[in-house]
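Biologist: Could you take me closely through the part of this model where the ligand sits, and then through the strands that belong to that part? I would like one connected account that I can follow with the structure open.

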Amino acid sequence: MARSSVASGRKGAQPFDPASAPFDVVVAGAGPAGATLSLCLRDAGFRVALIDGAPSPADTAAPDTRASAIAYSVARLWRRLGLSLEGEIGASRLERIVVTDGARPGPGAGAAFSSRLVITADQDLPVEDFGEPLGWIVENRRLMAALEARLEEAEAEAGAKLVRYRPAKAISCVDRGPHAEISLEDGRVLGAKLVIAAEGRLSNLRASAAISTSGWAYGQTAVSATVVLAEPHEGVAWQHFTPTGPVALLPLLGNRASLVWTDSAAGAAALLEIPDAGFLSLLSRRLGDGPQVVALEGPRRAFPLSLLSAERMSAPRLALLGDTAHGVHPLAGQGLNLGLKDVAALIAVVSEAQSVGEDIGAEVTLARYAQWRRFDTASSIWSADLIWRLFGNDQLGLRAARDLALATAGASSALRRILAREAGGGLGDRPAGLQA
Ligand SMILES: Cc1cc2nc3c(=O)[nH]c(=O)nc-3n(C[C@H](O)[C@H](O)[C@H](O)COP(=O)(O)OP(=O)(O)OC[C@H]3O[C@@H](n4cnc5c(N)ncnc54)[C@H](O)[C@@H]3O)c2cc1C
């Protein structure tokens with residue numbers, strides 16, 4: 001639990017006093033990206049304040065039913081924090097990805113798939129990554145519990161460099177020259193050399209820095225739930241495309257899987273309403289000759305889907321991180337991966353700046369971070385969008401083109417290796433935190 005003593009000791013509107021501002025960095029947003037960043041910053045020797053508007057990760061209107069597919073190189077960040085993927089995070093190895101296209105929705109649903117692409121860790125990953133899975137499937141609520149426990153430990157240490165303010169909602173951030181002032185909803189003001197906006201897609205700090213966003217709603221909603229499978233999944237993730245949206249099953253511990261079933265907003269609303277037996281029967285038709293699901297574990301929850309891209313990732317003394325900077329369609333499982341790659345790049349940039357005596361919040365420092373992340377972010381946002389357009393359309397020409405694309409990729413070991421490395425987050429200029 002966050003220290004209420006910190007919170008209660010600073011009640012009421014106060015003018016900012018740099019001498020009483022003990023922080024190098026204030027991180028707004030203790031979601032998976034902000035929490036991971038705070039722990040990494042603290043391990044790198046920075047004094048950090050982590051604030052979040054919600055009382056605790058579990059204290060949300062509805063439980064987080066989602067799991068996240070995290071690339072093997074990206075998951076190294078948590079290992080470096082001393083968190084065990086197989087232990088406290090309870091992650092499941094992702095050994096193979098099967099992508100299929102073919103069965104139409106409606107009465108014909110369930111027909112055999114017309115084309116498929118299979119990527120396998122032990123065949124398609126490069127030799128130097130032998131033994132790694134393609135990625136790890138992490139249940140969001142278990143991940144947040146593990147991060148929460150580590151934050152608590154860090155905060156309880158003598159001379160702790162990490163302090164949490166919770167519940168505390170950030171309202172605005174102002175550049176005051178050598179430091180930034182961050183105002184909280186309850187009137188408190190914190191100061192730091194650098195402020196990180198990791199508040200998710202709706203960000204007060206991004207708005208206060210007048211950073212605009214572009215994007216759109218997909219008119220689709222993902223229904224997420226945990227399901228029990230009839231047969232052992234052997235670490236296989238399924239992604240099946242249909243014209244109304246993809247259906248994905250991500251392998252979890254204990255022969256369970258995380259289901260993400262994307263449909264129109266109306267279709268998803270209906271999927272939430274029907275009783276479990278009806279839902280399972282529709283799902284089995286939709287999965288066709290894919291894995292058989294025998295039961296639901298826990299509730300179903302809906303996530304309306306949209307694309308969001310911030311016009312820039314930094315402003316004076318402020319950097320955007322995670323979904324605050326970029327929100328992608330979940331079909332490629334890239335959202336949190338991008339946020340964690342932001343974490344690794346930011347840690348590398350500010351550590352380097354600190355080591356040579358530079359100001360960690362200076363524009364030139366933050367420009368390096370923004371520059372490093374620009375290409376990966378843009379290519380991930382737009383490739384997920386392109387895949388959605390290509391596979392979410394049943395025009396004959398497009399269908400032939402994507403079937404050809406799947407068949408070509410499936411038949412070419414070179415292409416499969418590139419896709420495996422992409423899935424594993426192993427392509428591009430990787431910050432030290434993501435390297436073996
Ligand atoms: C159905 C679905 C499936 C997905 N699957 C995958 C996947 O397989 N792989 C993957 O990589 N990604 C996946 N994603 C994306 C992933 O869930 C998100 O990218 C990720 O949760 C974003 O994390 P974040 O920390 O940036 O933001 P969030 O998780 O949104 O956290 C933001 C935090 O900020 C706090 N906050 C908000 N406003 C304020 C404020 N003003 N002041 C203080 N605190 C504030 C909130 O309380 C919250 O704790 C999926 C998404 C969906 C919808």
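Modeller: What follows describes the surroundings of the ligand and then the strands.

Please keep in mind throughout that this is a predicted model. Around the ligand there are 31 residues, and among these D52, A69, A170, D323 and L336 come nearest. By character, the residues of this shell divide into 15 nonpolar, 11 polar and 5 charged. The shell draws on both domain 1 (4-62 + 141-214 + 308-385) and domain 2 (67-139 + 218-306 + 391-434), and because both of them give residues to it, the ligand lies between the two domains.

Turning to individual atoms, a backbone N or O atom of N337 lies 3.0 Å from an oxygen atom of the ligand, while a backbone N or O atom of G335 lies 3.4 Å from a nitrogen atom of the ligand. With N204 the atom concerned belongs to the side chain: a polar side-chain atom of this residue lies 3.5 Å from a nitrogen atom of the ligand. Taken alone, the ligand would expose 1000 Å², and the protein buries 85% of that area. Two or more residues of the shell come from each of helix 2 (32-43), strand 3 (67-71) and helix 9 (335-355), and strand 3 gives the largest share, with 4 residues.

Strand 3 therefore deserves a look in its own sheet, which is open, has 3 strands in the order 3-7-4, and is paired in the antiparallel sense. Strand 3 and strand 4 (92-94) stand at the edges with a single partner strand each, so that one side of each is left without a neighbour in the sheet. On average, and with direction ignored, neighbouring strands here are turned by 30 degrees against each other. The antiparallel pairing of strand 3 with strand 7 (residues 135-139) rests on 5 bridges, and within it I70 has W136 of strand 7 as its bridge partner.

A170, one of the residues that come nearest to the ligand, leads to another pair of strands. Strand 9 (residues 170-175) and strand 10 (residues 180-184) pair in the antiparallel sense over 5 bridges, and V174 stands opposite E181 in strand 10. These two strands form a hairpin with 4 residues between them, and in the turn G177 has a positive phi of about 85 degrees.

Methods
Residues are numbered from 1 along each chain as its sequence is written. This is a predicted model: local features need pLDDT of at least 70, side-chain atom pairs count only at pLDDT 80 or more; totals for chains, interfaces and linings use all residues. Side-chain values use heavy atoms; hydrogens and water are left out. A residue is near a molecule or strand if one of its heavy atoms lies within 4 Å of it. A polar contact is a pair of N or O atoms within 3.5 Å; within protein, one must be able to donate a hydrogen and the other to accept it, and residues adjacent in sequence count only if both atoms are side-chain atoms. Accessible areas come from the Shrake-Rupley method with a 1.4 Å probe; for residues, only the protein chains shown count as cover. Ala, Val, Leu, Ile, Met, Phe, Trp, Tyr, Cys and Pro count as nonpolar, Asp, Glu, Lys and Arg as charged, and the others, Gly among them, as polar. Domain bounds come from an automatic or database domain assignment. Two strands pair if DSSP finds at least two bridges between them. Axes are lines fitted to C-alpha atoms, for helices over the stretch in contact, and angles run from 0 to 180 degrees between N-to-C directions.
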